[in-house]
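The following exercises are intended for a reader who is new to this structure. Each one gives a task, followed by a solution in steps.

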Amino acid sequence: METEIINKNGNRFSLRWARESDVSVIRRIVNQAYKELADMGLNYTATFQDEDETRTRMAKGRTLVIEEGDVVVGTILMFEENKISARRSAYLGQFGILPSHKKLGLGSRVMDFMEDLARSEGYECIQLDTAKPAEHLVQLYLKRGYKIVSDTRFEGKTYESWIFEKDL
């Protein structure tokens, strides 16, 4: 699978499924992308994970990489899981865009792509989670039509998280 998306500035990005050779760059992307959350005192795994943890997380499902030319600028993981009910759900995680590429509409285009993909694959809904104190992310997901369906405290985390769901 390889496809292209265009951000709000007209820049073109290609999307493809990650390969084993992408592990180190994906680790670097998520570490950098989640730094602002680490600076808020939130110990998301993506803020400190190493390559072994990155590989383990990638093995849960499919990891998409976002490239500008031949440079990886973002990533997102999709796997099948439902934390609330028996509905068939795609779960999104490890979504990171390099700080230099944020606020340009790229993240929204990637989310559109993932939602369309999940819908085309017969998923009933998409779930994801984020830390309650990450208000900017909470508001972003609410604006995209996700609803808060539960809260939880993941093992080892210094914060509580909201679990979001969006019907497809």
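**Exercise 1.** Determine where lysine 103 is found and whether lysine 103 counts as buried or exposed.

*Solution.* The model is a predicted one. Step one is to place the residue: lysine 103 sits in the loop between β5 and α4. Step two concerns the backbone: lysine 103 has a positive phi of about 70°, although it is not a glycine. For background, most residues other than glycine have a negative phi. Step three is accessibility: a residue is exposed over 50% relative accessible area, and lysine 103, at 78%, therefore counts as exposed.

**Exercise 2.** Carry out the analysis for glutamine 94: state its element, its phi and its burial.

*Solution.* Glutamine 94 belongs to strand β5. Its phi is positive, about 50°, and glutamine 94 is not a glycine either. The cut-off for a buried residue is under 20%; with a relative accessible area of 5%, glutamine 94 is therefore buried.

**Exercise 3.** Describe the sheet, and explain why β1 and β7 each have one side without a neighbour.

*Solution.* Begin with the order of the strands: 8 of them form an open sheet, running β1-β2-β3-β4-β5-β6-β8-β7, with mixed pairing. β1 (2-6) and β7 (147-152) stand at the edges and have a single partner strand each, so one side of each lacks a neighbour in the sheet. From one strand to the next, the twist averages 30°. Next, consider β7 with β8 (residues 161-167): these strands pair in the antiparallel sense over 5 bridges. Lysine 147 stands opposite glutamate 165 in β8.

Finally, add the helices. Helix α1 (residues 23-33) packs on the sheet and touches β3 (62-68), β4 and β5; the direction of α1 makes about 90° with that of β4. Helix α5 also packs on the sheet, touching β5, β6, β7 and β8, and its direction makes about 160° with that of β6.

**Exercise 4.** Characterise the largest pocket by its space, its lining and the element that gives the most residues.

*Solution.* The space in the largest pocket is about 1,200 Å³. Its lining has 44 residues, of which Tyr34, Phe95, Thr130, Leu137 and Tyr141 are the closest to the centre. Elements giving two or more residues to this lining include α2 (35-39), β4 (71-80) and α5 (135-143). The greatest share comes from β5, with 7 residues. By type, the lining residues divide into 22 nonpolar, 11 polar and 11 charged.

How values were computed. Residues are numbered from 1 along each chain as its sequence is written. This is a predicted model: local features need pLDDT of at least 70, side-chain atom pairs count only at pLDDT 80 or more; totals for chains, interfaces and linings use all residues. Side-chain values use heavy atoms; hydrogens and water are left out. On a 1 Å grid over the protein atoms alone, a cavity is a set of points where a 1.4 Å probe fits but cannot get out, and a pocket is an open set with protein on both sides within 12 Å along at least five of seven lines; lining residues have an atom within 4 Å of a point. Grid points are joined across faces, edges and corners, and a volume is the space filled by probe spheres set on the points. Helices (H or I, at least four residues) and strands (E, at least two) are DSSP runs, numbered from the N terminus. Ala, Val, Leu, Ile, Met, Phe, Trp, Tyr, Cys and Pro count as nonpolar, Asp, Glu, Lys and Arg as charged, and the others, Gly among them, as polar. Two strands pair if DSSP finds at least two bridges between them. Axes are lines fitted to C-alpha atoms, for helices over the stretch in contact, and angles run from 0 to 180 degrees between N-to-C directions. Contact means heavy atoms within 4.5 Å. Buried means under 20% relative accessible area, exposed over 50%, partly exposed in between (1.4 Å probe, protein chains only).
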